Amino acid sequence: MSGEILCNDKLRFAYPEGFYEMTEEELSSLNVLEEGPGSVITDPQRHIIASFGWKPMGGISFLIVNTKDVFNGMRKQILEPMTAYGVRDGGAITRQLDGEAAEGFCYEYTAGETPMYAESYVIKHKKVLYYLHFYARAALKEESLACWNEILASAKWL
């Protein structure tokens, strides 16, 4: 592995050769992070972008909010504005990240004239919500998913 992302000092992901963490200048042209802290990595040769964000939750709100509700809200927040890009919901996905269930979904859309494939996940761990987003060209989906799966498989709670 080439580097790592550390989310909230609690969740670590390793990423393979070819990826690097994007600069503030590069990020200014993208809309890939939720509000709050996070990091974005890219592999420009493979046309992949992955973002990792987190949002601490306080007090009683964390007790009453469940991952399915947050997932459904995230899904709606992503899909509704993307109707202009021909978004197609590919269905729900649940993944295990170092023993914790992450609720997610895949979707496809068109950026300019380029067909894209994406996955988005939310995971609730202790008093923090973690958001993971993956974007790749649809034409390179299989190769890109292999990289994404490698990154997700590296997840470690600290």
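Modeller: In this predicted model, strands β5 and β9 pair in the antiparallel sense over 9 bridges.

Colleague: What makes β5 and β9 a pair of strands?

Modeller: Two strands count as paired if at least two bridges are found between them. β5 and β9 have 9 bridges, so the condition is met. One of the residues involved is A50, whose bridge partner in β9 is F134.

Colleague: Which residue of the neighbouring strand β4 stands opposite A50?

Modeller: That residue is I41. Strand β4 covers residues 38-43 and is joined to β5 by 6 bridges, the two strands running antiparallel. Here too the number of bridges satisfies the requirement of at least two. β4 and β5 form a hairpin with 4 residues between them, and H47 in the turn has a positive phi of about 60 degrees.

Colleague: To what kind of sheet do these strands belong, and in what order do the strands lie?

Modeller: They belong to an open sheet of 7 strands in the order β3-β4-β5-β9-β8-β7-β6, with antiparallel pairing.

Colleague: Why are β3 and β6 said to stand at the edges?

Modeller: β3 (20-21) and β6 each have a single partner strand, so one side of each is left without a neighbour in the sheet. Elsewhere in the sheet, β8 and β9 run antiparallel and are joined by 10 bridges; S120 has H133 as its bridge partner in β9.

Colleague: Which strands form the open sheet of 3 strands?

Modeller: Its order is β1-β2-β10, and its pairing is antiparallel. The edge strands are β1 (3-7) and β10 (156-157); each has a single partner strand, so one side of each lacks a neighbour in the sheet. β1 and β2 pair in the antiparallel sense over 5 bridges, and the bridge partner of E4 in β2 is A14.

Colleague: Why is the aromatic pair of F13 and F52 called tilted?

Modeller: The ring centres are 5.0 Å apart, and rings pair if their centres lie within 6.5 Å. The planes stand at 40 degrees. Planes under 30 degrees apart would count as stacked and those over 60 as edge-to-face, so this pair is tilted.

Colleague: What does the pair of F13 and F52 tie together?

Modeller: F13 lies in strand β2 (residues 11-15) and F52 in strand β5 (residues 48-56), so the pair ties together parts that are 39 residues apart in sequence. Both F13 and F52 are buried. In β5 as a whole, 7 of the 9 residues are buried, and the strand is described as mostly covered. The whole structure contains 9 aromatic pairs, and ring pairs link F13, F52, Y117, F134 and W148 into a cluster.

Colleague: How do you know that the span of helix α3 agrees with the expected one?

Modeller: Helix α3 has 13 residues (residues 67-79), which at 1.5 Å a residue should span 18 Å; its end C-alpha atoms are 18 Å apart, so the two values agree. At the N-terminal end, N66 caps the helix: a side-chain oxygen lies 3.0 Å from the backbone nitrogen of K68.

Colleague: Which residues of α3 are buried, and how are they arranged around its axis?

Modeller: The buried residues are T67, V70, F71, M74, R75, I78 and L79. Seen down the axis of α3, they fall within an arc of 150 degrees, so they line one face of the helix. An α-helix has 3.6 residues a turn, so residues three or four places apart point the same way. The face turned away from the buried side of α3 carries the exposed residues K76 and Q77. The buried residues of α3 pack against β6 (88-97), β7 (100-111), β8 (114-125) and β9 (128-137).

Colleague: Why does T67 count as buried?

Modeller: T67 has 18% relative accessibility, and buried means under 20%; T67 therefore counts as buried. Leaving out residues up to four places away in sequence, T67 touches E103, V122 and K124.

Colleague: What makes L79 buried, and which residues does L79 touch?

Modeller: L79 has a relative accessible area of 15%. That value is under the 20% limit, so L79 is buried. With residues up to four places away in sequence not counted, L79 touches V87, D89, F105 and Y107. The C-alpha atoms of L79 and Y109 are separated by 9.6 Å, although the residues are 30 apart along the chain.

Definitions and conventions. Residues are numbered from 1 along each chain as its sequence is written. This is a predicted model: local features need pLDDT of at least 70, side-chain atom pairs count only at pLDDT 80 or more; totals for chains, interfaces and linings use all residues. Side-chain values use heavy atoms; hydrogens and water are left out. Rings of Phe, Tyr and Trp (its six-membered ring) pair if their centres lie within 6.5 Å; planes under 30 degrees apart count as stacked, over 60 as edge-to-face and the rest as tilted. Buried means under 20% relative accessible area, exposed over 50%, partly exposed in between (1.4 Å probe, protein chains only). The expected span of a helix is 1.5 Å times one less than its number of residues. The arc is that of the directions from the helix axis to the C-beta atoms. Contact means heavy atoms within 4.5 Å. A polar contact is a pair of N or O atoms within 3.5 Å; within protein, one must be able to donate a hydrogen and the other to accept it, and residues adjacent in sequence count only if both atoms are side-chain atoms.
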